Structures are given as C-alpha cells and as structure tokens.
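Please look through the sequence and the model below, and keep both in view while reading. The paragraphs that follow go from one contact to the next.

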Amino acid sequence: RSSSCTVLETSAAPERPHWSGHHTVDIDSLRASLTSQEQSVHRLHSCLQVLYVVLVLLNVVYMAVSLAVGMPLVIRGEDLPDALLAIEHVFTVAFVLQLLARIAVEKQTFLTGIDKAWNMFDAVLVCLQIVQSIVRHYNFSILRTAAFIKIIRIVSVFRSMKDMREFRLMFGEIKWQPIFWGGVKLCIFIFIFALLLTQVVQAGLMEHANANTGISGEVLEYFGSLWLTMGTLFMVITGGAQWHNLIVALDNVVRTDLAECIFVAYVFIMIFAVMNSITALYIDHLLNFSEHSRFVDMSESAIRDRSKLDSLRKLLNEADRNHNGKISYTEFSKVIHGHEAAKVLHSLDVDVHAVKALYRLLEDVDDCGSVDIDEFLRSLAGLHAGSAPQLLLSTLLFRGQSQLQKISIVSKGMEKHFSRFQDTMTRIEEDITQLLTSGRLRRDSDIG
C-alpha cells in the first residue's frame with residue numbers, strides 16, 4: 001500500500017519547468033527584432049513624409065506652369081495641351097500610391113493617430129483629385145472648387161517644418177495673438193472715428209439738401225455710409241488712398257473745419273499711437289518667443305550632445321595612463337585621430353584642427369603640458385555651441401577655479417606649518433618658564 005501511495009504521489013506531482021539560458025536569449029532576440037521593426041517602420045514613415053512634401057511642391061510648380069501656359073490658350077478659346085493633362089494624371093496616380101503606402105505603413109494609426117485629421121484631409125483631397133481626373137469635362141461645382149482645395153494641401157507641408165526654429169518664429173501660434181488683438185484695437189478706433197465723420201458728413205449733406213446745392217460724388221463714394229467711411233479710414237492708414245484728396249472732398253460738404261480736425265486727429269493717433277503700439281506689442285511677443293525658443297533649442301542640443309561628450313570622455317579616460325583625470329598631448333592625439341573619436345567630433349560638427357587648437361589653449365605648462373579632461377570637455381561644449389565668449393568665459397572660470405584650489409592647498413600648508421610653529425613656540429615658552437622657575441627655586445634655596 002505504501003508503495004502504491006508513493007507511486008500515486010509521484011505521478012500526481014506536477015513537473016517543474018526547466019528554464020535554460022535559451023529562453024532569455026529568445027526574449028532578448030524578440031525584443032531586438034521588435035525594436036528593429038519599429039525603427040524600420042519609423043524610417044519608412046519618414047521617407048513617405050519626405051515623398052509627400054516633394055510631391056506637393058512639384059504639384060504647386062505644375063499648377064503655376066499650367067496657369068502660365070494655359071491662360072493665354074483659354075483667352076484665345078483653344079484647348080489645353082495633352083501634355084499638361086497627362087502630367088496631372090501622373091500626379092493623381094502618385095498621390096494615390098503615396099496615400100495607399102501610408103495606410104499600409106500606419107495601419108490603424110492612420111485613423112486614430114495624432115495626425116488623423118490631416119490624414120483624412122489628404123484622403124478627401126485625393127478622392128476629389130481622382131473624381132476631377134475622371135469627369136473633368138463636366139461643370140460640377142465640386143470639380144471647380146477642387147483646384148482651389150488642392151492649394152490648401154500646401155498647408156500640410158508646414159507639418160514637416162514645425163521643427164525648424166525659423167518656421168516657428170514666423171508661424172508660431174503665440175505670435176498671432178498680438179496680431180489678433182491689434183486688429184481688434186484697430187477696428188475699435190476706426191469705428192469710433194467713422195461714427196464721428198459719418199455724423200458730420202450727414203449733417204453737411206442735410207445742409208446742402210436744404211440749400212438745394214449740388215454734392216460731389218467723391219463724398220458719397222468714400223463717406224456715403226458708416227461702412228464706406230470705415231473702409232476709407234482703413235485705406236488711409238494702409239496706403240490705399242491719399243488723405244489730402246479726402247480732406248478736399250470733405251471741404252465740399254462740411255463748411256466748418258470740424259471734419260478736417262477729426263480727420264487729422266485720426267491720422268495722427270492711428271499712425272503715431274495705435275500702429276506703433278501694435279508693432280511694439282508684436283515685436284515684444286516675437287522677442288520673448290525667440291528667446292524661449294533659443295533656450296529650448298540649446299537645452300535640447302545639450303541633451304543630445306551629452307551622450308556624445310560622454311562617449312568622448314570615456315575614450316579620453318581610457319587613454320589616461322596615470323588615471324589622474326589629465327591627458328597628455330601624445331595620448332590626446334592618438335584618441336582624436338581614432339575612428340570612434342573622429343565619428344563623435346563629426347557628429348558634433350567640430351574640426352580636428354579646432355580641437356587641437358583648443359588643447360593648446362588649455363594646456364597646462366606647469367603640469368608637463370597636460371590638460372584636464374573635464375576642462376577640455378566643458379570647453380569643447382562651448383566651442384560646439386558656436387559661442388567664443390562662452391568658451392573663453394568657461395576657460396577663465398575653470399582656470400580661476402584651478403588657481404583657487406592651488407591657493408587653498410598652499411594656504412592649508414601654510415596653516416599647518418604655522419600651527420607647528422605655534423606649537424613649537426609654546427613648548428619653548430613652557431621650557432623657558434620651567435627653567436626660570438627652577439632657577440628661582442635654586443636661588444631661593446641658596447639664600448636660605
């Protein structure tokens with residue numbers, strides 16, 4: 001019975017899985033393969049984005065050439081050449097293939113990703129372009145507007161330029177806020193002065209009507225209603241109309257100088273106050289945004305370059321035979337002429353000759369011509385940033401810190417020697433005191 005129970009217990013016991021090193025290798029290889037697939041998908045997506053930008057720009061060039069060639073033919077009542085129509089079909093096929101490739105690469109993220117709105121917009125444009133190519137001989141309103149909608153595709157090119165600092169400075173959202181509020185301020189002032197001028201002109205027209213005298217047509221053309229007066233005042237400050245002629249037209253209607261005073265006050269306030277304040281507000285926002293953008297770019301560049309400088313630090317530390325944090329010129333020359341260091345310097349966009357000159361600048365003559373590795377890397381970061389004052393300042397700061405460390409070491413040594421001297425003088429003083437005391441005691445004993 002005991003043997004049977006033993007057999008049952010043995011058969012009922014679950015088998016433990018035997019893990020080996022192959023499972024770890026399989027997991028690592030799976031992770032590596034997934035990472036490589038993600039990188040390949042990202043590269044393919046970037047290539048498709050570049051292809052899309054190129055197609056849009058070429059399509060814009062084609063539209064400009066088509067208008068330049070086709071407009072004289074349309075004026076003469078002739079048909080467009082078949083070559084232009086064939087090129088348009090080629091663009092249609094290219095945009096269709098590019099859209100299908102993006103759908104195949106992005107899959108569900110095409111409809112759920114960050115750029116889903118732009119993707120749907122591109123899909124609608126491609127569908128309209130296909131319909132226009134098929135039924136282009138019919139005058140449907142949607143087909144007439146398709147040519148204008150295709151121009152809007154240029155806006156999507158701005159997505160790929162959002163990483164450029166100059167583009168952010170020109171088209172950043174924060175810079176449109178002062179323009180909007182400046183436009184609101186402009187409209188308020190124009191509306192106020194338009195109310196004043198329109199009321200004065202209305203009173204002058206009533207006087208002419210009572211006197212049965214003629215009225216100049218220019219007055220009604222420029223000041224015939226509140227909206228016409230607002231448009232006229234806007235043209236005055238933007239160069240669309242000469243305000244001297246407008247004052248002459250007002251003189252023909254208004255017999256007093258009230259209209260002229262209001263008009264001159266409007267020109268003075270708008271040009272010297274309102275327009276300048278709007279310009280100053282826009283420049284202030286632009287400078288603040290530029291400073292913030294420059295700081296962000298420098299921070300991102302510093303983060304990207306930190307790993308490169310760390311790899312260069314590793315190479316320099318490996319070449320340091322004394323392991324004292326300093327490197328001689330011979331060791332330094334071997335490192336920078338190596339393949340890995342040359343690759344790092346190329347990625348930092350720094351020339352080898354500039355690096356050598358930087359080494360000579362930082363060379364410590366008192367220490368056998370060696371250079372501190374931390375000082376060199378700090379100065380190299382300043383040199384890469386393209387700021388010579390920053391490089392010189394960092395060099396001077398490090399030299400000052402080195403001199404302060406040397407002074408601190410010397411002061412500590414002097415303090416140690418001074419303490420020893422003080423101890424020696426104290427011992428001598430004690431010995432002299434003991435000798436004087438013993439001598440006094442002997443003299444007292446001899447007298448007694």
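Which residue lies over the face of Tyr-52? Arg-102 does, at 5.6 Å from the ring centre, where a charge is said to sit over a ring if NZ of Lys or CZ of Arg is within 6 Å of the ring centre and within 35 degrees of the ring normal. This is a predicted model, in which local features need pLDDT of at least 70 and side-chain atom pairs count only at pLDDT 80 or more, while totals for chains, interfaces and linings use all residues. Residues are numbered from 1 along each chain as its sequence is written, and side-chain values use heavy atoms, with hydrogens and water left out.

Arg-102 also takes part in a salt bridge with Asp-122, at 3.2 Å from N to O; the term stands for a side-chain nitrogen of Lys or Arg within 4 Å of a carboxyl oxygen of Asp or Glu. This pair links distant parts of the chain, since Arg-102 belongs to helix α3 and Asp-122 to helix α5, 20 residues apart. Helices here are DSSP runs (H or I, at least four residues), numbered from the N terminus. Both Arg-102 and Asp-122 are buried, a word that means under 20% relative accessible area, whereas exposed means over 50% and partly exposed lies in between (1.4 Å probe, protein chains only).

Asp-122 has buried company in α5, including Asn-119, Ala-123, Leu-125 and Val-126. The 19 residues of this helix (residues 116–134) should span 27 Å at 1.5 Å a residue, and the end C-alpha atoms are indeed 27 Å apart; the expected span is 1.5 Å times one less than the number of residues.

The structure holds 2 salt bridges, and one of them joins Asp-374 to Arg-313 at 2.6 Å, N to O. Asp-374 lies in helix α16 (residues 373–384) and Arg-313 in helix α12 (residues 258–319), so the pair ties together parts that are 61 residues apart in sequence. Asp-374 counts as partly exposed because its relative accessibility is 38%, and Arg-313, at 29%, is partly exposed as well.

Aromatic rings make contacts too, with 7 aromatic pairs in the whole structure. Tyr-62 and Phe-91 form a tilted pair, 5.5 Å centre to centre with 35° between the planes; rings of Phe, Tyr and Trp (its six-membered ring) pair if their centres lie within 6.5 Å, and planes under 30 degrees apart count as stacked, over 60 as edge-to-face and the rest as tilted. Tyr-62 is buried at 10% relative accessible area, and Phe-91 is buried at 11%.

Technical notes:
Helices (H or I, at least four residues) and strands (E, at least two) are DSSP runs, numbered from the N terminus.
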